[in-house]
Each structure stands twice: as structure tokens, then as C-alpha cells.
Amino acid sequence: LTRELTQRPNDSKRYLATAFVIKISLLISTSLAIAFLAPLFSLKTAIKLLPIMAALTFFDGIRDFSLGIFRAIEKMELQAFVTFFTNVAIERSALIALWYYGTSTSLAITYVVGTGAGALVAMFILRKEYLAIWQNFDKTLIKKILGYSWPLFFMGMFSTFMLNTDNVLLGYFKGEEYVGLYAAAQKIIQILYILPAIIAIAIFPPISRLVAQNEKEKIRSLIEKGLTMVFMIAIPITLGGIILAKPITFLLYKAEYLSSVSTLQILLLTVLIIFPGTIIGNLGLAYNRQKDFAKFIGIAALANAIGDAILIPIFGMAGSAVVTVTAQFISNGFQWRLLKKINNFYILRHLKKIVVSSLAMGIICVTLNFLEINVIANIGISALIYFAILYIIKESTLKELIGMMKFVRASQ
């Protein structure tokens, strides 16, 4: 949706209207399946929550569709406002529900209330677009939009398969304890993946527009800036995370989970792959290469399953982590290679100051850790020194990163 609205401004009303009808149809189908089919496969204690979850799925889908429109028209402040309003509505209603009722059902309802309120606010802001849905609907675009979209379904399916393969095979070969330990390390990494997504969302509309205009030099410049920004975050996070993996694990999970430290250190290497991969993925969508990307992720998912089956029985969690890093490298490596053929961007030349600053930060981090300084204080001091060095040596991309951080705060 975001790409087509950006690249085809003259047809944007028809694309928006037709995409919305498809979205509503899928949301209704999914919500009905959750409400009436899911109970056949669920625990009795969870059945009462399923109609609520169906409503949540519907409203969240509407809200997400509206946020896609805001991104397409580059009104990030409206996206931030709706996100903020939704979170406040959930928080306030949750406090009331827990205070007066204190049940899982009442808490689930608060999510529906908050998400529904966010969806209604977004629809009100976009009321002109939504009121013109039926007059702009064009059934001839349905096949085209679905043609663009089906590879995204397989990308999501393969990614989910790859994510769950680790846990399933760990449980099969090593037992539930190892699944819990591995999941503890995974959760830390998955939270970090949010950071590049913010940058990718911000630059996707202008990239899509430039692709439509065939402005290769401007695309290259924007991609190199975006990649530099994510590496500016990824390199120190990876280095610092590896150094402080043990105290971070102890802080979050206590001593029982310290056996997952080596797994966390290995999985942190995916930050160097996934962070730039998020930018590359959006560039691929802008060039309409999602079919190729679906193949690459499918190959990586298959490699991940085979690698897990071989290495988990021998090396356990560490083997699974190595396979995950390798699979991500395969998928993102193929994507990177394809897009460099389309528009040959460069990145290593932009990373010299970032690498130097990261190494200096790493020395500080190791020293403070050796002196047994509190891990939170260590992270704060090391980060401060890292950005201070970047400022002193005049890293030009730092200003753009600060702008993105302001956007993150606004979104939160």
C-alpha cells in the first residue's frame, strides 16, 4: 500500500480504496476464524478470550492500514499521534479494568478498547479517504494488488517457520529447559530488532518515490545514509552486548539463565545482519522484488531446519544460534547481492569513524566491566562516550540519527 500510494500518486485513490476492501475482507475472514474455528483447537480456559482476540485483530488491522497511509503521505507526526493515543487508551483502560475487575477477560477487553479507539481516531483523520472508498473502488486492481502481496505472505510464513524451528528442534533433541534458555536470549535480540524498523519506515516512502522516478543517484545516497545510520547503532550494540552478555543476562533473568550467555553472544551477531537487512528489505519492496526475497527467505528457512537437525544434537543451544546466524547471512546476503546489481551502493567507506568509535567504546566497556561497575551504569557511560567520540570526530550521520531518535520518542 505504502509503495503504490507513493509511486502512483495519480492512481492513489483507486489503490487505497481497492486495498482497503481487500483488507476488510481478509480481516473479517480472519476474525471469524478466530472466533468460531479457533475454539475447536484451544484450551477451555482460553475459549472465552477468543471472541475478544477476534475483535482486537480486526481493529488492529484497520489501525495498521491507516498507519500505512500516513507513511505513504509522509505524515509521520500523525502516525506518532495515533500510536501515542492508542497506547494511552490501552494504559488508562487497563488500569481501570485491573482496579475494578482484575481478570484476564477484562484486561483483554482493554486492548480492544484502546486499539479500537486508535482505529477510530485514525479513520476520523482520514475520513475523506475512507468516505470515498466505494466510489474509488476498482475491481480490476484486485488481482494486481494480490499479485504484489502474495510473496509477502510467504516471506512471513518462512520467517515464522525459521523462528519456530529452533525452539521445536531444541525441545525435541534437548528438552523444554533448553527451549526456555534459548527463548530468554532470543527475546533480548528481538527487542533490538525494533530499532532499524523505525529508520526503515521513515525512509521507505521517499525511496519508493525515487524508484518510480528512476533517480538512481538519489536512491544510492539515501540508502547509504540509511545503512550508515543502522550500522551506527548495530556495531556498538553488538560489541557492547557481547562484552556485557553475562551481567545483562543476570540483570534480566538472574543466575538460573547464565547458561544462555554464550547463546546470546552468538545471536548478537544477527544484529549486524538484520539491522542493515531491514533497510535492504524495504529497498527490495520499493523495486518490487518481493518474489525474489520470498525465495531467498525460503532457502534460508530450509538451511536453518537442516542445520538445526545436524548441530543441535551435538552443540545444543550454541549450535542452533550458529545456524540462525548462518541462515540470516544466507537470506540477507542474497538480497544484498541482488540489490547491488540493481543500484550499486557502497557502505564500508562510511563506517571508518563508527568502527573507531565502537572500538574505543568497547575498551571502556571492558574496563568498567572488569571493575564490576553496575551494568546499567556501564551501558550509559559507554554509550555516552561512543556518541561523544562520534561528535568530536565529526561523524556527519550523527545528526540524522538524532533526528530519528526524536521520531522514536514521538512514536512511543
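Me: How many salt bridges does a search of the whole structure find?

Reply: The search of the whole structure finds eight salt bridges, and the model to which this count belongs is a predicted one. The general idea is to look for a side-chain nitrogen of Lys or Arg within 4 Å of a carboxyl oxygen of Asp or Glu. One of the pairs is Glu4 with Arg8, whose side chains meet with 2.5 Å from N to O. Another joins the side chains of Asp11 and Arg14 at 3.4 Å, again N to O.

Me: Is Glu4 buried or exposed, and how is Arg8 to be classed by its relative accessibility?

Reply: The reading rests on a cut-off, since buried means under 20% relative accessible area and exposed means over 50%, with partly exposed in between. Glu4 has 6% relative accessibility, and therefore counts as buried, whereas Arg8, at 29%, counts as partly exposed. In the pair of Asp11 and Arg14, Asp11 is partly exposed because its relative accessible area is 28%, and Arg14 is likewise partly exposed, with 29%.

Me: With which residue does Arg92 form a salt bridge, and which residues are joined into one network by salt bridges that share partners?

Reply: Arg92 pairs with Glu91, and the closest N and O atoms of the two are 3.2 Å apart. Arg92 is partly exposed at 47% relative accessibility, and Glu91 is partly exposed too, with a relative accessible area of 42%. The network is made up of Arg3, Glu4 and Arg8, which are linked through salt bridges that share partners.

Me: Let me turn to helices. Why does the distance between the end C-alpha atoms of helix H9 agree with the span it should have?

Reply: The general idea is to compare an expected span with the distance between the ends. Helix H9 covers residues 142-173, which is 32 residues, and at 1.5 Å a residue it should span 46 Å; because its end C-alpha atoms lie 45 Å apart, the two values agree. H9 nevertheless has a kink of about 30 degrees, centred on Asn164.

Me: Which residues of H9 are buried, and what do they pack against?

Reply: An α-helix has 3.6 residues a turn, so residues three or four places apart point the same way. In H9 the buried residues include Ile145, Tyr148, Pro151 and Met155, and further along the helix Met162, Thr165, Asp166, Asn167, Leu169 and Leu170. The buried residues of H9 pack against helix H1 (2-7), helix H2 (12-37), helix H10 (176-192), H16 and helix H17 (317-342).

Me: Where does a positive phi occur just after H9, and which residues have a positive phi although they are not glycine?

Reply: Most residues other than glycine have a negative phi, and most peptide bonds are trans. Just after H9, Gly175 takes a positive phi of about 105 degrees. Glu372, which is not a glycine, has a positive phi of about 60 degrees, and Lys394, also not a glycine, has a positive phi of about 60 degrees. Glu372 lies in the loop between helix H18 (352-370) and helix H19 (375-392), and Lys394 lies in the loop between H19 and helix H20 (397-411). Glu372 is exposed, with a relative accessible area of 70%, and Lys394 is exposed, with 68%.

Me: Which residues does Val112 touch, not counting residues up to four places away in sequence?

Reply: Here the idea is to set separation along the chain beside distance in space. Val112, in helix H6 (residues 104-125), touches Ile52, Ala55, Leu56 and Phe59 once residues up to four places away in sequence are left out. Phe59 is 53 residues apart from Val112 along the chain, while their C-alpha atoms are separated by 7.3 Å. Val112 counts as buried because its relative accessible area is 15%. For Ile363, found in helix H18, the C-alpha distance to Ile243 is 9.8 Å, with their places 120 residues apart along the chain. Ile363 is exposed, with a relative accessible area of 55%.

Me: Which residues make the nonpolar surface patch?

Reply: The patch, of about 540 Å², is made by Leu302, Ile306, Ile310, Ile314 and Phe315. Ile306 belongs to helix H16, residues 290-315. At 47% relative accessibility, Ile306 counts as partly exposed, and residues admitted to such a patch have over 30% relative accessible area.

Note on methods:
Residues are numbered from 1 along each chain as its sequence is written. This is a predicted model: local features need pLDDT of at least 70, side-chain atom pairs count only at pLDDT 80 or more; totals for chains, interfaces and linings use all residues. Side-chain values use heavy atoms; hydrogens and water are left out. Patches are made of residues with over 30% relative accessible area and no salt bridge: like charges are joined within 9 Å, nonpolar side chains (Val, Leu, Ile, Met, Phe, Trp, Tyr) within 5 Å. Accessible areas come from the Shrake-Rupley method with a 1.4 Å probe; for residues, only the protein chains shown count as cover. Helices (H or I, at least four residues) and strands (E, at least two) are DSSP runs, numbered from the N terminus. Buried means under 20% relative accessible area, exposed over 50%, partly exposed in between (1.4 Å probe, protein chains only). The expected span of a helix is 1.5 Å times one less than its number of residues. The bend at a residue is the angle between axes fitted to the seven residues ending there and the seven starting there. Contact means heavy atoms within 4.5 Å.
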